[in-house]
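Here's a protein model to poke around in. Have a look at the sequence and the fold, then let's see what sits inside.

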Amino acid sequence: MWVCVWLLALFVCWQGGSPSPVEPPVGCQSPEVLRAAEEGLDQINADLTKGFILSLNRVYDISQQTGEGEVTFNLTIDVMETKCHVISRNPWKKCEVKNVANVPVSSLPCSAVKAGLGDWSLICEHISLTTPQVYGQCMASIYVGKSVELRSYKCTIQQVPATVIVDTCPDCPTAERLDDPIIAETANLSLQKYNQKSHLPNYFTLLNITGASMQWVVGPAYFVEFIIQETVCAKGTPDVDLTQCKMMDCEFAHKGFCKGSHITLDGGLFENKLPIQVNCEIFEPEAALAEEKVHSMEGSDHRENEYHKHAHTHLHPHEHHHHPTSPNQASPRPKGLLGVVVVLPPPHVPPAPRASPAAKNCPGKRKTNLGLGSFKI
């Protein structure tokens with residue numbers, strides 16, 4: 001009798017008397033977490049509509065919910081701004097991080113050389129720093145099953161304080177206000193020179209200024225980064241007034257990312273602006289790339305009434321075909337719907353201590369500290 005009671009109690013305990021073991025969360029350096037972070041950041045960058053592509057520095061914290069053959073990671077990842085603007089659509093792994101360590105402390109990016117009485121020439125090496133370093137964190141919910149899918153994100157980013165840059169690299173350029181009139185003048189002069197030397201068929205106009213800095217050489221040297229967009233004004237138009245040129249609103253209009261600079265010498269009795277330097281990278285519009293992909297998939301056998309040519313010439317001329325959307329062809333998802341990026345003012349120096357990660361084996365290994373010494377990003 002007592003044997004039966006004991007066996008019955010044992011059976012009940014075995015059936016449900018103890019909870020199922022809970023899978024412990026994985027660490028911030030585990031392969032599955034790093035894969036989720038890397039591919040999730042790819043999708044964050046693809047969702048951005050302005051600013052610069054973000055690069056992964058480390059996974060800082062993690063929590064997870066598991067299901068049958070799937071898991072959702074809630075990640076806190078440390079990110080850094082790169083030199084690639086989002087219109088480039090470059091993978092973040094191919095973009096260089098804005099890093100103060102790229103500029104040698106012992107040398108100036110630019111120097112002015114006097115060639116004769118009242119004559120100066122500006123010698124600039126490759127300037128790898130034009131805008132301040134930017135760092136921050138992204139909170140991201142990332143589903144991992146048969147594929148990796150970003151569900152939502154919120155990023156907060158901020159500039160490294162100018163005092164930290166000066167302490168680390170006294171000769172490096174420091175940030176300037178984007179609404180300063182001299183910055184607008186530098187951008188306009190740079191764009192004017194680009195339109196003069198460009199071999200593209202249409203003029204470009206200034207869309208917005210994305211960054212600016214100043215460095216003292218033999219006078220104030222100003223550096224700008226800005227976005228340009230194609231206009232409807234052709235280069236062959238005589239006596240064109242660029243201020244009256246409308247932006248091309250066609251989906252095939254080109255945009256570009258430019259860097260420009262000039263230096264001003266002030267001798268008291270005269271002011272002399274040394275030659276403008278400008279470099280622009282023009283990108284094929286996404287609509288043109290998507291249509292080119294359709295062409296390659298469908299081949300060249302199109303009916304005569306299915307195409308027309310746009311009035312403007314493209315970097316890579318091709319005909320634009322318009323096809324009814326196939327039921328099996330998914331429409332491209334609008335950007336900017338999965339999350340937001342909040343830009344904060346530079347932090348106090350030294351910054352406030354950061355809360356410790358809740359998960360074990362976190363944070364992960366930091367890839368870089370941007371060459372900022374004791375300032376922890």
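Let's start with Leu75. Leaving aside residues up to four places away in sequence, Leu75 touches Val33, Ala36, Ala37, Val59, Asp61, Ile62, Cys138, Met139, Ala140 and Ile142. Keep in mind that this is a predicted model.

Leu75 is also part of a bigger picture: the largest nonpolar core has 35 residues, and Leu75, Ile62, Phe73 and Ile77 are the ones that touch the most other members. Who supplies this core? At least two residues each come from helix H2 (31-47) and from strands S1 (52-67), S2, S5 (134-144) and S6 (148-159). S2 gives the largest share, with six residues. Another core lies apart from this one; it has 17 residues, including Ile209, Tyr222, Cys258 and Ile282.

Now for Ser88, which you'll find in the loop between strand S2 (70-85) and strand S3 (110-116). Is Ser88 buried or exposed? Its relative accessible area is 8%, and the cut-off for buried is under 20%, so Ser88 counts as buried. Not counting residues up to four places away in sequence, Ser88 touches Ile53 and Phe283.

Two polar contacts are worth a look, one at Ser88 and one at the start of helix H4:

| Side chain | Backbone atom | Distance |
|---|---|---|
| Ser88, polar atom | His85, oxygen | 2.7 Å |
| Asp180, oxygen | Ile182, nitrogen | within 3.0 Å |

Helix H4 itself (residues 181-197) has 17 residues and spans 25 Å from first C-alpha to last, close to the expected 24 Å. Its buried residues are Ile182, Ile183, Thr186, Ala187, Ser190, Leu191, Tyr194 and Asn195. An α-helix has 3.6 residues a turn, so residues three or four places apart point the same way.

How values were computed: Residues numbered from 1 in each chain as written. Predicted model: local features only at pLDDT ≥ 70, side-chain atom pairs only at ≥ 80, totals over all residues. Heavy atoms only, no water. Helix = DSSP H or I, 4+ residues; strand = E, 2+ residues; numbered from the N terminus. Expected span 1.5 Å × (residues − 1). Buried < 20%, exposed > 50% of the residue type's maximum accessible area, 1.4 Å probe, protein only. Polar contact = N/O pair within 3.5 Å; in protein donor to acceptor, adjacent residues only side chain to side chain. Contact = heavy atoms within 4.5 Å. Core = buried A, V, L, I, M, F, W, Y, C linked by side-chain atoms within 4.5 Å.
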